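User: I'm new to reading protein models. Could you take a close look at one contact between two chains and walk me through it?

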Amino acid sequence: MHIARNWRVKKQRYSLHGEICHHCGAKVFPPRDICPECAKPAYDPLQLSGQGEVYSHTTVYDAPAGFQHQAPYALALVRLEEGPMLTAQLTDVDPKEVHIGMPVEMVTRKLSVEGDEGLIQYGYKFRPRMMARAA
Amino acid sequence: MRDVAIVGIGQTPVGELWDKSLRQLGHDAIRAAMADAGIEQADALFVGNMLSGELAGQEHLAALLADFLGMRGIEAAKIEAACASGAAALRVGTMAVASGMADVVIVAGVEKMTDTLPAETTAGLALAADQEYEVAEGATFLALNAMLMRRYMHEYDIPHSAFAPFPVNAHHNARGNPNAMFHMDISPARYEKAPVVAPPINVMDSSPICDGAAALVLVPARRAAEFGSGKRIVRIAASASAVDTLAVHDRGDPLFLEAAYLSSHKAYALAGVTPADIDFFELHDAFSIMSVLSLEACGFAQRGRGVDLGESGAITLSGRLPITTLGGLKARGHPVGATGVYQALEVVQQLRGDAGPNQLAHAHIGMAQNIGGSGATIVTHILIGED
Amino acid sequence: MKNMLLQPSRPVGITGYGVYIPRYRLPAQEVSDAWTGGSAGLPILEKAVPGLDEDTTTISIEAARNALLRAGIAPTDLRAIWIGSESHPYAVKPTSTIVAEALGAAPMVQAGDWEFACKAGTEAIIAAVGLVGSEMADYALGIGADTAQGRPGDALEYTAGAGGAAIIIGPAHGALARFEGSLSYVTDTPDFWRRPRAEYPSHGMRFTGDPAYFHHIVTAGQMLLEAMDRRPDEYRYVVLHQPNVKFPTRAAKQLGFKPEQWETGLLVGRIGNTYSAASLVGLTAVLDVAEPGDRILVVSFGSGAGSDAISLEVTEHIHDRRLLAPATEDYIARRTAIDYATYLRYRGKLRMK
């Protein structure tokens with residue numbers, strides 16, 4: 001069990017809390033102490049929209065321990081519209097329907113469950129975008 | 001700085017070695033290397049290993065091996081850099097000898113991956129990725145490489161079949177290596193029909209889970225003649241390492257292995273060579289896509305054209321740039337923390353003229369590149385056979 | 001009767017509403033085929049089934065995000081998040097704190113989980129009406145959400161569905177629908193229950209009908225109409241708790257309503273019984289199409305037993321804001337049928353050890 005470890009990252013896991021660098025303006029996810037673009041400290045919080053598109057994807061059949069009950073599942077690199085890319089499962093989708101460039105949106109789902117008595121970890125996944133976006 | 005030479009090599013076969021423990025594997029490879037170098041003692045032992053803590057519950061591995069080799073009193077430490085642990089250990093050993101802080105150094109790579117169930121081993125390998133932002137989402141190394149391969153195929157409009165020459169070549173070459181895990185040829189047709197494990201990656205794109213250990217003996221080059229049995233002396237002409245972001249998703253351009261570019265080009269500068277001078281290349285073909293990305297980043301092919309080296313036959317034993325000459329990770333096997341040491345050892349075999357049926361006609365300058373994680377740590381060595 | 005009516009001192013209304021229905025559907029025929037050789041009559045067409053990564057928490061989060069989109073308020077404006085469910089993922093540890101954190105409403109917020117079988121959702125909403133109506137707070141969020149359990153082969157397995165609805169209560173000024181009043185009717189009637197360590201609920205078969213569902217729904221509905229001095233024909237829509245198609249249809253008739261008043265909010269045939277969410281999900285479907293001035297009567301029912309009857313009047317703000325989040329019919333249309341074996345896997349009904 002990693003109680004404190006998961007608790008520390010709940011904001012970014014549940015709802016994509018990122019950062020914006022006040023030196024170079026880079027939008028950053030996950031939050032880190034040093035801006036990956038300009039290597040200066042970057043602390044201003046930024047709520048990311050959760051809108052993005054699939055950069056690449058695959059299907060995980062041989063899941064690692066803790067994820068086996070969900071296999072097979074679609075995994076993707078998702079490029080957020082603000083710029084950062086992240087690794088996340090795709091949900092509510094047939095893996096065969098996923099394609100590069102597919103518009104997706106963030107949802108908060110169960111990531112993993114520690115047995116019958118342990119904690120449930122929630123976090124971001126992405127699904128095919130439901131609503132056309134307003135211009 | 002002193003020049004460093006490799007004067008002893010030793011290895012165990014690679015495979016599912018049910019009757020060999022972690023410490024036995026280390027012992028067998030190190031004793032063989034010591035015998036090859038003609039030494040009874042060393043100043044230091046650096047052990048490349050990734051997973052002993054996770055899979056065997058055994059950390060403090062270098063002290064354990066030194067103890068069981070009867071080498072109490074020497075310096076010993078484990079070096080961990082995921083799948084690049086072996087080459088990282090070689091680099092630490094090289095620094096120790098080059099700096100003059102040690103004269104006779106043993107570098108070993110040891111990995112035991114088959115004592116645990118596959119899901120546990122898979123989870124262990126995933127320790128090299130970002131636990132909070134890759135692994136927590138259910139990512140595996142296989143999946144990360146599959147996403148790179150799919151994007152590469154998409155960006156450059158390359159069919160999956162274009163990758164076939166890499167595993168075909170690796171399997172062909174492994175037939176001439178008695179220590180390799182696999183000894184069967186595969187055809188391009190069989191490659192294309194292989195079961196998909198994480199689309200688009202199939203079984204034949206992926207290196208196997210296995211056990212193995214390899215060891216090298218390093219000494220100052222000017223004293224090399226005092227060791228060994230008169231075989232050609234192999235000099236470490238360059239040792240270079242670089243890191244990139246740990247997570248694939250944090251790279252601005254995930255299809256370019258920045259750390260491979262940086263470490264290879266540092267190595268070229270150190271050795272005073274260009275890519276055209278490299279006679280053969282033991283690259284890190286953990287997955288077919290990694291071979292291609294490595295060739296491109298190291299300057300052997302334009303971006304998007306790495307697969308051409310497969311199609312043209314350049315990568316075969318008789319080609320312009322032979323790779324994975326003794327089977328590579330795909331067919332010799334990929335005991336993760338040991339792989340970097342196997343790669344350097346195989347370069348030494350070629351430079352010594354000891355590569356058996358796979359001996360290259362022209363082997364003077366050889367390069368080895370070991371990749372940790374999905375490209376976060378990349379270590380490049382250039383070895384030159386002294387005339 | 002007038003003094004039985006709950007009405008806040010400050011006028012309040014629904015500032016935002018949101019729904020969530022999972023994507024998977026189990027046709028009732030699959031259950032009938034598996035357990036009766038296809039001979040059993042079907043209470044509904046199909047029910048919504050949560051995916052492997054869904055539970056009451058995740059359903060609540062999405063429904064609440066949709067409600068916030070329509071309300072146009074900041075999550076930090078919420079002073080309470082109350083979630084009614086009989087399938088809270090933890091027996092001890094609130095669903096509401098996870099939802100509050102995911103919405104960005106924590107930490108300055110009341111949070112709590114409610115349980116009253118299928119009435120927990122409306123109970124939470126009436127509490128929110130009290131909080132806002134007393135001017136202790138400007139906005140409070142009440143949610144009804146469930147991933148209902150039915151014992152394999154039991155009558156409930158045909159209908160026990162999954163879904164959630166989130167309702168933000170705020171001042172009447174600016175609301176999408178004005179809260180006119182509510183009335184609750186509660187007795188100790190043991191028609192349906194689940195003991196703490198039991199996997200599945202038990203029920204009294206036909207006892208769940210007349211003495212339980214019909215008595216409470218019809219009494220609460222009639223008393224509200226009487227207290228408000230209204231006739232059924234003064235309501236454009238009626239939404240009743242919907243464990244199957246037959247019960248709410250019969251109860252609505254008994255109350256004096258006609259099919260065109262109940263059809264819009266009667267979703268059970270296509271998504272199953274969403275328990276704590278059932279009457280509220282029906283309400284969201286009505287709000288998706290209602291016109292300013294339309295009156296809506298909602299009557300929930302929770303086993304054990306009780307009903308909350310709520311009277312609403314739609315305002316002119318409905319047109320601007322209902323398009324800001326997916327409609328209930330959008331979620332219903334997002335449909336992937338699964339077979340009984342997949343259902344067993346998704347609902348964790350396979351014994352693995």
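Analyst: Let's start with a term: a salt bridge here is a side-chain nitrogen of Lys or Arg within 4 Å of a carboxyl oxygen of Asp or Glu. Keep in mind that this is a predicted model. By that rule, 6 salt bridges cross the interface of chain C and chain A. One of them joins A:Lys11 to C:Glu101, with 2.9 Å from N to O. There are also 17 residue pairs in polar contact between chain C and chain A, both residues at pLDDT 80 or more.

Now look at what chain C brings to the side that touches chain A. Helix 2 (56–71), helix 3 (95–103) and helix 12 (328–333) of chain C each give two or more residues to that side. Helix 2 of chain C has the largest share, with 5 residues. Sorted by class, that side of chain C has 13 nonpolar, 2 polar and 11 charged residues.

How big is the whole thing? The contact involves 26 residues of chain C and 28 residues of chain A. Together, chain C and chain A bury about 2100 Å², and carbon and sulfur atoms give 51% of that. On the chain C side, C:Asp53, C:Tyr90 and C:Glu101 supply 27% of the buried area, more than any other three residues. You've met C:Glu101 already: it's the salt-bridge partner of A:Lys11.

For contrast, try the interface inside chain A, between domain 1 (17–47) and domain 2 (49–130). Those two domains bury about 410 Å² between them, 68% of it on carbon and sulfur atoms, and the rule finds 0 salt bridges across their interface.

Key:
Residues are numbered from 1 along each chain as its sequence is written. Chains are lettered from A and ligands numbered from 1 in the order in which they are written. This is a predicted model: local features need pLDDT of at least 70, side-chain atom pairs count only at pLDDT 80 or more; totals for chains, interfaces and linings use all residues. Side-chain values use heavy atoms; hydrogens and water are left out. Domain bounds come from an automatic or database domain assignment. Buried area is the accessible area (1.4 Å probe) that two parts lose on being put together, summed over both. Contact means heavy atoms within 4.5 Å. A polar contact is a pair of N or O atoms within 3.5 Å; within protein, one must be able to donate a hydrogen and the other to accept it, and residues adjacent in sequence count only if both atoms are side-chain atoms. Helices (H or I, at least four residues) and strands (E, at least two) are DSSP runs, numbered from the N terminus. Ala, Val, Leu, Ile, Met, Phe, Trp, Tyr, Cys and Pro count as nonpolar, Asp, Glu, Lys and Arg as charged, and the others, Gly among them, as polar.
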